[in-house]
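Thanks, everyone. I have one model to show, and I will go through the sheet and then one acidic residue. Please have a look at it first.

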Amino acid sequence: MTQWPLPEPMALALEQARLGAQAGEVPIGAVVMRDGKVIATAHNRPRALCDPTAHAEVLAIRAAAAALGQERLEGCDLWVSLEPCPMCAGAIAHARIARLYYAASDPKGGAVEHGARVFDHPQCLHRPEVYSGLGGDMAAEMLRGFFQERR
């Protein structure tokens, strides 16, 4: 359910998703924040980079780690337009992201509230606080429109 007004970081994540769609990528966007400041933004780029790991979350985490000069992103928040997949959830745990906010749930490929539920496993070394649904309707509609155009 979308809440108005959208928090600025989620609006930025949705804008990144739009940029991804314009580039022909699946419209997923991510933003890393720390202390109220944007550290990194990204959208999906697996096609452009010929890299199956170039999901928005992974690219934003990589950029934030480089910007901060450290591999641990403790105290950082990750805002993303879609529930992270297992790979991205693993990266979130390894990066020690403090809080994860995602817009739309992903029953097919998500791994937070669906599927693998990565953060629920005893082997998961770090569990961020998780908040979902902010901007979910907008993110889901963007994804539906993107795939309808390609059918």
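The sheet is open and has five strands, in the order S2-S1-S3-S4-S5, with mixed pairing. At the edges are S2, residues 37-43, and S5, residues 129-132, each of which pairs on one side only. On average, and ignoring direction, neighbouring strands in this sheet are turned by 15 degrees against each other. Keep in mind that this is a predicted model.

Now to one pair of strands. S1 covers residues 29-34, and it runs antiparallel to S2, with six bridges between the two. Within that pair, Met-33 stands opposite Val-38 of S2.

Which strands does helix H3 touch? This helix, residues 56-68, packs on the sheet and touches S1, S2 and S3, the last of these being residues 76-82. The direction of H3 makes about 140 degrees with that of S2.

Next, the acidic residue. Asp-106 is located in the loop that lies between S4, residues 99-104, and S5. Is Asp-106 buried or exposed? It is buried, and it has no salt bridge. The nearest side chain of opposite charge belongs to Lys-108, and that is 7.4 Å away. A salt bridge needs the charged atoms within 4 Å, so Lys-108 does not qualify.

What does the side chain of Asp-106 reach, then? It reaches the backbone nitrogen of Gly-109, at 3.1 Å. Leaving out residues up to four places away in sequence, Asp-106 touches Leu-82, Glu-83 and His-114. Of these, Leu-82 falls within the range of S3, residues 76-82.

That is what I have on this one.

Terms used: Residues numbered from 1 in each chain as written. Predicted model: local features only at pLDDT ≥ 70, side-chain atom pairs only at ≥ 80, totals over all residues. Heavy atoms only, no water. Pairing = 2+ DSSP bridges. Helix = DSSP H or I, 4+ residues; strand = E, 2+ residues; numbered from the N terminus. Axes fitted to C-alpha atoms, helices over the stretch in contact; angles between N-to-C directions. Contact = heavy atoms within 4.5 Å. Buried < 20%, exposed > 50% of the residue type's maximum accessible area, 1.4 Å probe, protein only. Lys, Arg positive; Asp, Glu negative; His and termini not counted. Polar contact = N/O pair within 3.5 Å; in protein donor to acceptor, adjacent residues only side chain to side chain.
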